[in-house]
Amino acid sequence: MTHSDFDTIVELNQDALEGVGPLDNESLSLLVKMSDQALVVDAGDGGIAGFVITVPPGAEYDSSRYRWFEDTLVDDYVYLDRIVVSQDHRREGVASRLYEEIEAELPIALEVYETNDVSLAFHESRGFAPVGELEHQGKNNLMLVREPDQG
């Protein structure tokens with residue numbers, strides 16, 4: 001992800017508010033600075049098909065969901081702050097490609113709104129399991145963790 005991607009990323013994010021929190025260029029810049037991974041998938045036409053941003057443990061990130069994992073998980077982990085796929089590129093394997101890039105030796109922690117059945121089914125298929133719940137701004141978040149592959 002480069003600074004020249006920011007306008008498109010903000011637009012993609014704002015089109016996906018049913019599953020992620022809002023972003024503007026300033027908050028995206030701050031998030032990318034504290035992230036350990038900020039990746040995009042090229043749409044092939046110069047656009048962006050999707051993006052993912054992860055945050056490492058110990059970051060000074062003002063997010064109740066991130067803090068929940070900081071307070072709950074005892075081992076190192078990767079916090080997946082957001083993953084967004086363009087509506088024009090859904091069901092093309094973009095999300096799977098992004099997950100394959102970030103899945104490593106550490107557990108991945110994230111939250112999904114309990115009403116987001118599509119996201120919950122996708123994450124279950126990738127091996128994520130619920131480890132708790134957190135209410136945030138009137139929405140119930142299911143806290144999920146995927147342990148790294150053994151072997």
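The legends below describe close-up views of a predicted model.

**View 1. The open sheet has six strands.** The strands follow the order β1-β2-β3-β4-β6-β5, and their pairing is mixed. At the edges lie β1 (37-42) and β5, each of which pairs on one side only. From one strand to the next, the twist averages 25 degrees.

**View 2. Strands β1 and β2 run antiparallel.** Six bridges join these two strands. Among the residues involved, Gln37 has Thr54 in β2 as its bridge partner.

**View 3. Helices α2 and α4 both contact strands of the sheet.** Helix α2, which comprises residues 25-34, lies across β1, β2 and β3. Relative to β2, helix α2 runs at about 60 degrees. Helix α4, formed by residues 94-102, packs on the sheet and touches β1, β2, β3 and β4. The direction of α4 makes about 145 degrees with that of β1.

**View 4. Helix α3 has buried residues along one face.** Within this helix, which spans residues 64-72, Arg65, Tyr66, Trp68 and Phe69 are buried. Seen down the axis of α3, the buried residues fall within an arc of 155 degrees, and therefore they line one face of the helix. In general, an α-helix has 3.6 residues a turn, so residues three or four places apart point the same way.

**View 5. The buried residues of α3 pack against five named strands: β2, β3, β4, β5 and β6.** In the sequence, β2 covers residues 48-55, β3 covers 78-85 and β4 covers 108-113. Strand β5 covers 129-136, and β6 covers 139-146.

Terms used. Residues numbered from 1 in each chain as written. Predicted model: local features only at pLDDT ≥ 70, side-chain atom pairs only at ≥ 80, totals over all residues. Heavy atoms only, no water. Buried < 20%, exposed > 50% of the residue type's maximum accessible area, 1.4 Å probe, protein only. Helix = DSSP H or I, 4+ residues; strand = E, 2+ residues; numbered from the N terminus. Arc of directions from axis to C-beta. Contact = heavy atoms within 4.5 Å. Pairing = 2+ DSSP bridges. Axes fitted to C-alpha atoms, helices over the stretch in contact; angles between N-to-C directions.
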